[in-house]
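Student: I have the sequence and the model open. Can we work through it with short questions?

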Amino acid sequence: MNDLTSVIKETLENGGVLNDLRGRVRAEIFRALEDPSLERPKLPSENLLINELIREYLAFNNYQNTLSVLMQESRQPQQALDRNFICSELHVQPHSSPRPPPPVRHRVSLHGAALQQS
């Protein structure tokens with residue numbers, strides 16, 4: 001029976017199912033522990049933008065478990081911010097490729113280039 005359990009666990013891990021379930025469980029734990037009587041403050045616009053950058057980064061890298069916990073805990077709106085707006089706020093040019101990298105990656109690469117020139 002231990003061999004069967006090991007094979008099933010390995011199969012679920014390799015397929016990403018086990019990590020997905022772990023992420024869902026974490027999100028549900030956060031939801032269950034939340035005190036509904038406490039009103040959370042409105043998300044400041046800076047935090048909204050930062051959370052959106054993190055969301056894009058996590059989605060781009062397929063970190064779905066972490067993303068689900070972020071969305072639950074931060075209460076980021078389900079509707080993503082417009083990508084052109086984000087690029088405008090970061091002063092970067094939007095990519096036109098079918099799967100553009102997150103704007104934060106471009107901003108960090110610009111920062112890294114500036115550090116190398118100093």
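Student: Is Arg 83 buried, partly exposed or exposed?

Tutor: This is a predicted model. Arg 83 has a relative accessible area of 22%. Buried would need under 20%, and exposed over 50%. Arg 83 therefore counts as partly exposed.

Student: Which residue forms a salt bridge with Arg 83?

Tutor: Side chains of opposite charge can pair when their charged atoms come close. Here the closest N and O atoms are 2.6 Å apart, and the cut-off is 4 Å. The partner of Arg 83 is Glu 56.

Student: How many residues apart are Glu 56 and Arg 83?

Tutor: Glu 56 sits in helix H3. Arg 83 belongs to helix H5, residues 83–90. The pair links distant parts of the chain, and the separation is 27 residues.

Student: Is Glu 56 buried or exposed?

Tutor: The limit for buried is under 20% relative accessible area. Glu 56 has 14%, so Glu 56 is buried.

Student: Arg 55 also has a salt-bridge partner. Which residue does its side chain meet?

Tutor: Look within helix H3, residues 45–60. The partner is three residues from Arg 55, about one helical turn. The N to O distance is 3.5 Å, and the residue is Glu 52.

Student: What are the relative accessible areas of Arg 55 and Glu 52?

Tutor: Both residues count as buried, because each value falls under 20%. Arg 55 has 9%, and Glu 52 has 1%.

Student: Which residue makes a salt bridge with Asp 20?

Tutor: Asp 20 is partly exposed, at 25% relative accessibility. Its partner also lies in helix H2, four residues apart, about one turn of the helix. The N to O distance is 3.1 Å, and the partner is Arg 24.

Student: How many salt bridges are there by this rule?

Tutor: The rule takes a side-chain nitrogen of Lys or Arg within 4 Å of a carboxyl oxygen of Asp or Glu. Asp 20 with Arg 24 is one of them. The count comes to four.

Student: Which residues make the nonpolar surface patch?

Tutor: Start with Val 25, in helix H2, residues 17–33. Val 25 is partly exposed, at 47% relative accessibility. The patch covers about 310 Å², and its members are Val 25, Ile 29 and Leu 33.

Student: Which backbone oxygen does the side chain of Ser 74 reach?

Tutor: Ser 74 is in helix H4, residues 64–74. Ser 74 is buried, with a relative accessible area of 17%. Its side chain also has a polar atom 3.2 Å from the backbone nitrogen of Gln 76. At 2.7 Å, the side chain reaches the backbone oxygen of Leu 70.

Student: How far apart are the C-alpha atoms of Leu 90 and Leu 70?

Tutor: Leu 90 lies in helix H5. Leu 90 is buried, at 13% relative accessibility. Leu 90 and Leu 70 are 20 residues apart along the chain, and their C-alpha atoms are separated by 21 Å.

Student: What phi does Gly 16 take?

Tutor: Helix H1 spans residues 2–14 and reaches 18 Å from its first C-alpha to its last. Gly 16 comes just after H1. Its phi is positive, about 80°.

Student: Where is confidence lowest?

Tutor: The protein has a mean pLDDT of 80, and 91% of its residues reach 70 or more. H3 is highest, at 90. Where pLDDT is low, the predicted coordinates should not be read in detail. Confidence is lowest, at a mean of 67, in helix H6.

Conventions: Residues numbered from 1 in each chain as written. Heavy atoms only, no water. Patch = residues over 30% accessible without salt bridge, like charges linked within 9 Å, V, L, I, M, F, W, Y side chains within 5 Å. Areas by Shrake-Rupley, 256 points an atom, 1.4 Å probe, with all protein chains shown as cover. Helix = DSSP H or I, 4+ residues; strand = E, 2+ residues; numbered from the N terminus. Buried < 20%, exposed > 50% of the residue type's maximum accessible area, 1.4 Å probe, protein only. Expected span 1.5 Å × (residues − 1). pLDDT = per-residue confidence, 0-100. Polar contact = N/O pair within 3.5 Å; in protein donor to acceptor, adjacent residues only side chain to side chain.
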